[in-house]
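Reader: Please take me through the cavities of this model, one part at a time and in detail. Then carry on to whatever else in the structure deserves a close look.

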Amino acid sequence: MNEKVIGATRNVAIVGPYLSGKTALLESLLSVTGAITRKGNVKDSNTIGDSSPEARDRQMSVEVNAATAEYEGVRFTFLDCPGSVEFVQETYNALIGVDAAIIVCEPVADRTLTLAPLFKFLDDWEIPHLVFINKIDRAYTDETTCGSNFTDVIDALKSVSSRPIVPHQYPIGKNEQIIGFIDLVTEQAYHYHPGAAADPVPLPEHLKAQESAARQQMLEELANFDDHLLEELLEEINPDAEEITRDLKMELGADLIVPVFIGIAEQDFGVRPLLEALLREAPTPETTADRRGIIQSENKVLAQILKTYYTPQGGKLSLVRMWRGTLADGAILNGVRVNGLYRLTGQQTQSLQSVSAGEIVALGRLEGVKTGDTLTLDRSSELPKAEIIPPVYALAIVPEKRNDEVKLSSALAKLLEEDPSLVWEQHGDTHEIILWGQGEIHLKVALDRLRRKYNLPMVTHLPQVPYKETIRKPASSIHGRYKHQSGGHGQFGDVYLDIQPQPRGEGFTFSDKIVGGVVPKQYIPGVEVGVREYLDRGPLGFPVVDVAVTLTNGSYHSVDSSEQAFKQAGRLAMQEGMAKCEPALLEPIAKVEICAPNECTSKVLQLVSGHRGQILGYEGKKDWKGWDAVSAYLPIAEMQNLIVELRSQTMGVGFFNWEFDRLQEVPEPLAKRVLLTTGGNGNGNGKS
């Protein structure tokens, strides 16, 4: 279509659970609008949506993909979002920049629970959204139960949405299959037609009662927000289709209702009516900007980054929503020059000279800015961004080639720019490089990117638990003498130490009670250094905490003594004394809040108990209808696969937040096993 006849834009996210058919819907939308001439298939790895190698390897979306289509003078930008809960950060980041969202789901009432977090995010951000029940043929068993199966799905959707669910269509079944639908606005029936628009047909006699009841429910929901429509219903006046469409547009645009459509994306069934609804009823970019409180009249450039890509050919690309103003290639945003403007369709790019408010496009090589950042000419504004989901799963990583260690931090920085839900750290106790994310698949995709994009293959293992050790009883007057003679000046240091346990959490303290200068003041810091160095790795092989050490006595040599000699004497005294203090193994304990639908609460409680957890209680989760939050203490050693087990018990929707709480002594039988498996026992200071 010629650029000049494009009079409007719509930005629409396609979201929903894994395997619901989002990418198939995108292919169908692009096909029926003529944006592509041949539909791809996920199994054949040739779709616009799952265009990255990581996505095609797994036959699932792992990042947001943009695609553009033109229909009836409107340019649509569709954002195909990942369905797996492990990549939900990608979805949330993209959603804040769209005008509307299509929630794709299957017609299985029991699985609508998986939509709860998505509905919650959309409702919290007041993002208009509608539902497309894909694969509607799976709801069909026979003509008599087709309607009740559909009603069961609608009721299940109502249980996870805080907005009224309003069916826009009603299914028509015949001969063991769904053959069409009834438009509840116009009361026109249609039969699906392969490769073309649905054919209008007379309303089936046997469905008139069901259609009338479904339409009445739709009108009653709409009337809750329209007094005129309510008066018409009370007076038994049948409103015309134009008035109903006007109400749908107003109430969808204000995120007051959730219209529901049906179809089979792989066969293009129901896709054209969905597209028509987006054209007629979805809010315009101007409406969206007003809802977000963005003043259009100022006309200063205002944009926000929804996604960051690092491409092999073009380098860094930032997918942005233009909220206000007109942007030309070469402009300066946030102090950085824009090097290219592009419209994306999968991995294909179309160069542009300028873009206007309301569009979603890619900007080239914006160094120093990241996903979620607000872009302006003068840094005068800051838009809200999606909250970063805390990481819940970790792997320790080591480059296969030792020489690659020097370039790892730079590659990880780029990886985190592309995916803000990843976190990496070098652990202070274990010294491991740890990559944190949302699950096993999430981290495997990240590692694939390190290998493919940056030629950095990794070896991985589960992170070590940062155990500590402490002592149970004191030891007094522990003697440590260091004497070394090798020609010329020798080395001599002689100390006596008292070692005492401290209350949990007090840490380490060092003091001295030297009188008469038996240990000169200039050598006392050396003793403390020796003690501290020993405590880095105690008799059990772990850092020692909650210990007080006092230097009580000693002696020196006027020629041979030095700070270094007294450091060695302090180490020898600690090596001698700590074994007498009954070393005890400590493990880190986290305070955890586990959130899940209340029908899964009993399973969560069993999960906590089975992981040596201490349940503190549970209560309804604030602002989450039908969800509970379980509070507990859990050993970090028991949390390494907690998210995997939790998701398996909660249809993938359970999640948790955690923070370090304290160190706690490991039960004796378990401590023995830990020391055997970690190699800590027998590898402490002074042991061979």
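Author: The largest cavity in this predicted model has a volume of about 70 Å³. Its lining is made of 13 residues. Ala 196, Ala 198, Asp 268, Phe 269 and Gly 270 are the closest to its centre. Three elements give two or more residues each to this lining: strand E9 (188–193), strand E10 (196–201) and helix H9 (271–281). By class, the lining has eight nonpolar residues, three polar and two charged.

How many cavities of 30 Å³ or more are there? The count is three. The second largest has a volume of about 60 Å³. Its lining takes in Pro 17, Tyr 18 and Ser 20, then Cys 105, Glu 106, Val 108, Arg 111, Thr 112 and Thr 114. Here the classes split into four nonpolar, three polar and two charged.

Now the open spaces. The largest pocket has a volume of about 1100 Å³. It is lined by 39 residues. Nearest its centre lie Val 85, Val 88, Tyr 92, Pro 117 and Phe 655. Which elements supply at least two residues of this lining? They are helix H3 (88–95), helix H4 (116–124), helix H16 (642–649) and strand E34 (655–665). H4 gives the most, with five residues. The lining divides into 22 nonpolar, nine polar and eight charged residues.

Helix H3 leads on to the salt bridges. The whole structure has 41 of them. One joins Glu 90 to Lys 307, with the closest N and O atoms 2.7 Å apart. Glu 90 is in helix H3, and Lys 307 is in strand E12 (residues 302–311). The two residues are 217 residues apart, so the pair links distant parts of the chain. Are these partners buried or exposed? Glu 90 counts as buried, at 4% relative accessibility. Lys 307 also counts as buried, at 2% relative accessibility. Salt bridges with shared partners join Glu 63, Glu 90, Lys 307 and Arg 449 into one network.Two members of that network, Arg 449 and Glu 63, form a salt bridge with their closest N and O atoms 3.3 Å apart. Arg 449 lies in helix H12, while Glu 63 sits in the loop between H2 and strand E2 (65–71). The pair therefore ties together parts that are 386 residues apart in sequence. Both Arg 449 and Glu 63 are buried.

Helix H12 has another such contact. The side chains of Asp 448 and Arg 58 meet in a salt bridge, 2.7 Å from N to O. Asp 448 lies in helix H12 (residues 440–454) and Arg 58 in helix H2 (residues 53–58), so this pair ties together parts that are 390 residues apart in sequence. Asp 448 is buried, because its relative accessible area of 15% is under the 20% limit. Arg 58 is partly exposed, with a relative accessible area of 22%.

On to the loops. Cys 81 is in the loop between strand E3 (74–80) and H3. Cys 81 is buried, with a relative accessible area of 0%. The C-alpha atoms of Cys 81 and Ala 67 are separated by 11 Å. Along the chain, Cys 81 and Ala 67 are 14 residues apart.

Which backbone angle of Glu 187 has a positive value? Phi of Glu 187 is near 60°, in a residue other than glycine. Glu 187 lies in the loop between strand E8 (177–183) and E9. At a relative accessible area of 31%, Glu 187 is partly exposed. Glu 236 also has a positive phi, near 55°. Glu 236 is found in the loop between helix H7 (227–234) and H8. With a relative accessible area of 75%, Glu 236 is exposed.

Last, the surface. Phe 225, Met 250 and Leu 256 form a nonpolar patch there. Together they have about 240 Å² of accessible area. Leu 256 lies in the loop between helix H8 (241–253) and strand E11 (258–262). Leu 256 counts as partly exposed, at 30% relative accessibility.

Terms used
Residues numbered from 1 in each chain as written. Predicted model: local features only at pLDDT ≥ 70, side-chain atom pairs only at ≥ 80, totals over all residues. Heavy atoms only, no water. 1 Å grid on protein atoms, 1.4 Å probe; cavity = no way out; pocket = protein on both sides within 12 Å on 5 of 7 lines; lining within 4 Å. Points joined across faces, edges and corners; volume = space filled by probe spheres on them. Helix = DSSP H or I, 4+ residues; strand = E, 2+ residues; numbered from the N terminus. Nonpolar A, V, L, I, M, F, W, Y, C, P; charged D, E, K, R; others polar. Patch = residues over 30% accessible without salt bridge, like charges linked within 9 Å, V, L, I, M, F, W, Y side chains within 5 Å. Areas by Shrake-Rupley, 256 points an atom, 1.4 Å probe, with all protein chains shown as cover. Salt bridge = Lys/Arg side-chain N within 4 Å of Asp/Glu carboxyl O. Buried < 20%, exposed > 50% of the residue type's maximum accessible area, 1.4 Å probe, protein only.
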